[in-house]
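Grab a coffee and take a look at the model below. We'll walk through its charged side chains, its rings and a few spots on its surface and inside.

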Amino acid sequence: MDIQRWIARRELNWQRLDSLLNQIEKKGLKSLRTTEVKELSNLYHLIVGDLTSARAHNLNRHLIQNLQALKARAYKQVNQGARQKKYLRAVKFYSWGLPATVQQTFPYIAVATALFILGILAAWLYIWQDPNFISLILPSRIISKVRDDGKLWMDSVVGIEPLICSGITINHNLKVCFSAVAGGITAGVFTIYVMVFNGLLIGAVANLVSQNNLAYPFWAFIFPHGSLELPAIILAGSAGLLISKAILFPGQYCHLDAIKIYGSQAIKLVFGIVPMLVVAGLIEGFFSPNPNVPNPIKYLTGIALFVILIIYFSRKSANS
């Protein structure tokens, strides 16, 4: 290899890269135009190859050190730019993309909500006709605690908030939501089961505490985190229904295209579900069971969070 000719051909690229990096280091990445950002990325990949070639041919040590330093500077800026781009995409998605997806998939959300409410009504109806039906839905320890002791079973979480927070968020809520989403691959059968069964649970618990005059403190506990947790479960159910729609009724699309389109919407809903569950878990672990917070405050907190959630999901894009 003609070393001098090789260096001469590449030296302009190195100088250009150094110039761009100097500009970034003085004025920041935002000082570059879009074309210059792309150029920076291309030059970074070129210098990586040049450094590999220089080492392979045992070129001048000083040259290799200079190329290595230039590569390190470029690597830092390119990766910083990539992180900023990801951050901006995330901000844009949670600002406008998620609300738009919720609005686009509202019919599926309505169906998931109806299935959930159906479970609640079915529980009330069956328990009204057969009081023993409640024992098929709820654990006996919960029934005994409420009926025999006249107390709510959540009292035991006070004092172990961090464990409860992580356990509820990861082991229960996430499991329920992702079961509802994954149920879409069963043509929606398992998704429907998850939605109706969770409605049955809520209906059975509501009936139990109502019969034993514990409805007021129970709903004071549920409202703060339930205002996020229950909508998250419904969104998960709608995501599962979207997947089942692609499998059963692709419409004008072939199955592969339908899965891509409806699956993309389902994934966007999942990205919305996760932060909702995390926040709900924090509230459920630290705020809901706190005996120092008056029940009226808990009710107001739950109502306020739900109203904020509705307003957020109703946002219209600035481009619409």
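Lysine 86 sits in helix H3, and this is a predicted model, so treat every value here as computed. With a relative accessibility of 54%, lysine 86 counts as exposed, because the cut-off for that label is over 50%. From here we can move on to its charged company, then to salt bridges, rings and a nonpolar patch.

**The positive patch**

- Which residues gather with lysine 86 in a patch of positive charge? They are Lys38, Lys85 and Arg89, and the patch is on the surface.
- Helix H3 is the top contributor to the positive patch, giving three residues.

**Salt bridges**

- Side chains of opposite charge can pair when their charged atoms come close.
- How many salt bridges does the count come to? The answer is six.
- Take arginine 10 and aspartate 50 to begin with: their side chains meet in a salt bridge, at 2.9 Å from N to O. This pair links distant parts of the chain, since arginine 10 belongs to helix H1 (residues 3–27) and aspartate 50 to helix H2 (residues 34–56), 40 residues apart.
- Are the two partners buried or exposed, or something in between? Arginine 10 is partly exposed at 22% relative accessibility, whereas aspartate 50 is buried, with a relative accessible area of 8%. The dividing value is 20%: buried means under it, which is why the two get their separate labels.
- Another salt bridge joins arginine 73 and glutamate 25, with 3.0 Å between the closest N and O atoms. Arginine 73 is in helix H3 (residues 61–104) and glutamate 25 is in helix H1, so this pair ties together parts of the chain that are 48 residues apart in sequence.
- Both of these partners are partly exposed: arginine 73 has a relative accessible area of 24%, and glutamate 25 comes in at 44%.
- Arginine 33 and glutamate 36 also meet through their side chains, this time at 3.3 Å from N to O. Arginine 33 is exposed at 55% relative accessibility, but glutamate 36 is buried at 8%.
- Those two belong to a network of salt bridges, where Arg33 and Glu36 are linked with Arg16 and Glu39.

**Aromatic rings**

- A pair of aromatic rings is described by the distance of the centres and the angle of the planes.
- How many aromatic pairs does a search of the whole structure find? It turns up 13.
- One of them is tryptophan 153 with phenylalanine 218, a tilted pair with 5.9 Å from centre to centre and 45° between the planes.
- Why does that pair tie together separate parts of the sequence? Tryptophan 153 lies in the loop between helix H6 (140–149) and helix H7 (161–182), while phenylalanine 218 lies in helix H9 (residues 215–248), so the parts they join are 65 residues apart.
- Phenylalanine 218 is buried, with just 4% relative accessible area. Phenylalanine 218 also pairs with tryptophan 219, and here the arrangement is edge-to-face: 4.9 Å centre to centre, with 75° between the planes.
- Tryptophan 219 is partly exposed at 25%.
- Zoom out a bit and you'll find these rings in a cluster: ring pairs link Trp153, Phe218 and Trp219 with Tyr216, Phe223 and Tyr299.

**The nonpolar patch**

- Which residues make the nonpolar surface patch? Phe178, Val274, Val278, Leu282 and Phe286 do, and it covers about 410 Å².
- Helix H10 (residues 255–287) gives the most to this patch, with four residues.
- Valine 274 is in helix H10. Its relative accessible area is 34%, so valine 274 counts as partly exposed.

**A buried alanine**

- Alanine 206 is found in helix H8 (residues 189–211). At 9% relative accessibility, alanine 206 is buried.
- What separates the C-alpha atoms of alanine 206 and isoleucine 120? The gap is 8.8 Å, although the two residues are 86 residues apart along the chain.

Notes: Residues numbered from 1 in each chain as written. Predicted model: local features only at pLDDT ≥ 70, side-chain atom pairs only at ≥ 80, totals over all residues. Heavy atoms only, no water. Salt bridge = Lys/Arg side-chain N within 4 Å of Asp/Glu carboxyl O. Helix = DSSP H or I, 4+ residues; strand = E, 2+ residues; numbered from the N terminus. Buried < 20%, exposed > 50% of the residue type's maximum accessible area, 1.4 Å probe, protein only. Patch = residues over 30% accessible without salt bridge, like charges linked within 9 Å, V, L, I, M, F, W, Y side chains within 5 Å. Areas by Shrake-Rupley, 256 points an atom, 1.4 Å probe, with all protein chains shown as cover. Lys, Arg positive; Asp, Glu negative; His and termini not counted. Charge placed at Lys NZ, Arg CZ, Asp CG, Glu CD. Phe/Tyr/Trp six-rings, centres within 6.5 Å; stacked < 30°, edge-to-face > 60°.
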